[in-house]
Amino acid sequence: MKFAHLLAASTLAVMAAAGAHAKTLVYCSEGSPEGFDAAPYTAGTTLDASGKALYNRLVEFDLGTTNVIPSLAESFEVSEDGLEYTFKLRPGVKFHTTDYFTPTRDLNADDVIFSFLRQASADHPWNQYLPGISYEYYNGMEMPTLIKDIEKVDDLTVKFVLNRPEAPFLANIAMSFASIVSKEYADQLEASGNMAALNSAPIGTGPFKFVAYQPDAVIRYAAHDDYWKGREKIDDLVFAITPDPAVRRQRLEAGECHIMPYPAPADIEALKGNDSLEVMEQPGLNVAYLAYNTTVAPFDNAEVRRALNMAMNKQAIVDAVFQGTGTVAKNPIPPTMWSYNDAVEDTPYDPEGAKAILAEQGAEGLTMEVWAMPVQRPYMPNARRVAEMIQSDFAAVGVNVNIVSYEWGEYLAKSTEPNREGAVILGWTGDNGDPDNFLAVLLGCAATGDGGANRAQWCNKEFDDLLQQAKVTSDQAERTKLYEEAQVVFKRENPWATLAHSTVFMPMSSKVTGYIMDPLGTHNFTGVDIAE
């Protein structure tokens, strides 16, 4: 376990540097963040390390729920026609003071406007401050066409003017991509010619401030003394980056970390039997899927996609990989989400039928790539094993599979390329409790193209029209009907093979108090304490 000893040494050194009497919480995170600017990224690993620890938003989700509550905006008003949202900012909100930035003013409207406009236009000087970055959420939720204007009414009042009503607007801007960053800090970086530091040396208003990052090893944060909600109970927060779930378990049981995510399914019962630990659990608001690139032959043929789905023994995959912690998925949204269409019938497992369809469509002897994620996620314990089982199932119907993988950041980036080969294993945990966050963000036309979250590159007018109608409808019963219809279209066209929905487990030391599991799948350490 040389890797574990190296990580332990790194973490212990960081903890010692925090001071002998500092109260330090160590979280054994599952991977490295892509960066510390929350706007360009969608991976939960990155948003845990940035959006939740470092930043706030105008509105946020009440911890442990999907209810939207005021945050940096102490109140907001919505016009009768649903086209204007006016936010009154909370006075006296302090940005982080660090050894690389000392703010001279509190949060104001300029920070809010800057945080949104930099994502809105390719012409904005901060839009491409890192070459090639994209704003998957901002674009995937059609913010560029939705937001007509953002007006500064006064220093503490901001008005968003929309081009159309948008039912999920408040829930959308409670997400991490809408985190508010310091314009004053950005101006300082631009003047110094070091704009990239916005992503590596972040400044926010959140409960913790950034201290240091040792790539692929440790992230260190300190409590924000002037946090507007009140200083956190812990002094230092450490992310000990530990990709191997077996090593995470070892370190938790040894007391080297206090909380770990994503235990291996085979380890859960043993963790539950450890009297020094507590294991929280809840149904995941998630889905794991295999996305075909529907713009590349023969995957542009819905019948070929249907045949491949028929060749896949999903129950066997769930049994072998999830080991009692998951269920087979038939829809692109989880059964715990409103508007889930239980009347949809899943594609049957029928290898002989699959062979016949492939022959009819001239796709016999097909060779394809299946991409396997290199990391464990809440919706996917072991993508490599899933890819191997798909490889075996497809071989039985004459389809040859080459398994492909990349480092996680590269995997995410390459999987968005419009001409990507084959099919990619990925998944999603809902960000805001609204079906639009799955259906539009992952499958809508606006989310296609390089950098978009629609890995299937699937743009279906019938499906997209239903989503657009649902967006402008405020009545939830009517929205439910539209989303139910959309799920029928999805199943008919099969841009994905829907694989599984998982249960999420969170083991931690019994000394930890105040931790609340987030139904939206992130890890938030606000209000957490450790018993002495």
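Asn494, with a positive phi near 50°, follows helix 18 in this predicted model. Helix 18 covers residues 476-493, and its 18 residues should span 26 Å at 1.5 Å a residue; the end C-alpha atoms are 26 Å apart, so the expected and modelled spans agree. At the N-terminal end, Asp475 acts as the cap, with a side-chain oxygen 3.3 Å from the backbone nitrogen of Ala477.

The buried residues of helix 18 include nonpolar ones such as Leu482, Val489 and Phe490, along with Arg479, Lys491 and Glu493. The elements against which the buried residues of helix 18 pack include strand 17 and the four helices below.

| Helix packed against by helix 18 | Residues |
|---|---|
| Helix 11 | 302-310 |
| Helix 12 | 314-322 |
| Helix 16 | 436-443 |
| Helix 17 | 461-471 |

Strand 17 (residues 496-509) also supplies seven residues to the largest nonpolar core, the largest share from any element. That core has 158 residues, and Phe160, Met368 and Ile425 have the most contacts inside it. Beyond its neighbours within four places in sequence, Ile425 is in contact with residues including Tyr289, Leu290, Val370, Trp371 and Tyr411. Another core, of 14 residues, lies apart from the largest one; Cys28, Ala217, Ala240 and Leu252 are among its members.

The largest pocket holds about 570 Å³ of space. Its lining consists of 29 residues, and Glu34, Trp408, Gly409, Leu412 and Ala413 lie nearest the centre. Helix 15 (residues 408-414) gives the largest share of this lining, four residues.

Notes
Residues numbered from 1 in each chain as written. Predicted model: local features only at pLDDT ≥ 70, side-chain atom pairs only at ≥ 80, totals over all residues. Heavy atoms only, no water. Core = buried A, V, L, I, M, F, W, Y, C linked by side-chain atoms within 4.5 Å. Buried < 20%, exposed > 50% of the residue type's maximum accessible area, 1.4 Å probe, protein only. Helix = DSSP H or I, 4+ residues; strand = E, 2+ residues; numbered from the N terminus. Contact = heavy atoms within 4.5 Å. Expected span 1.5 Å × (residues − 1). Polar contact = N/O pair within 3.5 Å; in protein donor to acceptor, adjacent residues only side chain to side chain. 1 Å grid on protein atoms, 1.4 Å probe; cavity = no way out; pocket = protein on both sides within 12 Å on 5 of 7 lines; lining within 4 Å. Points joined across faces, edges and corners; volume = space filled by probe spheres on them.
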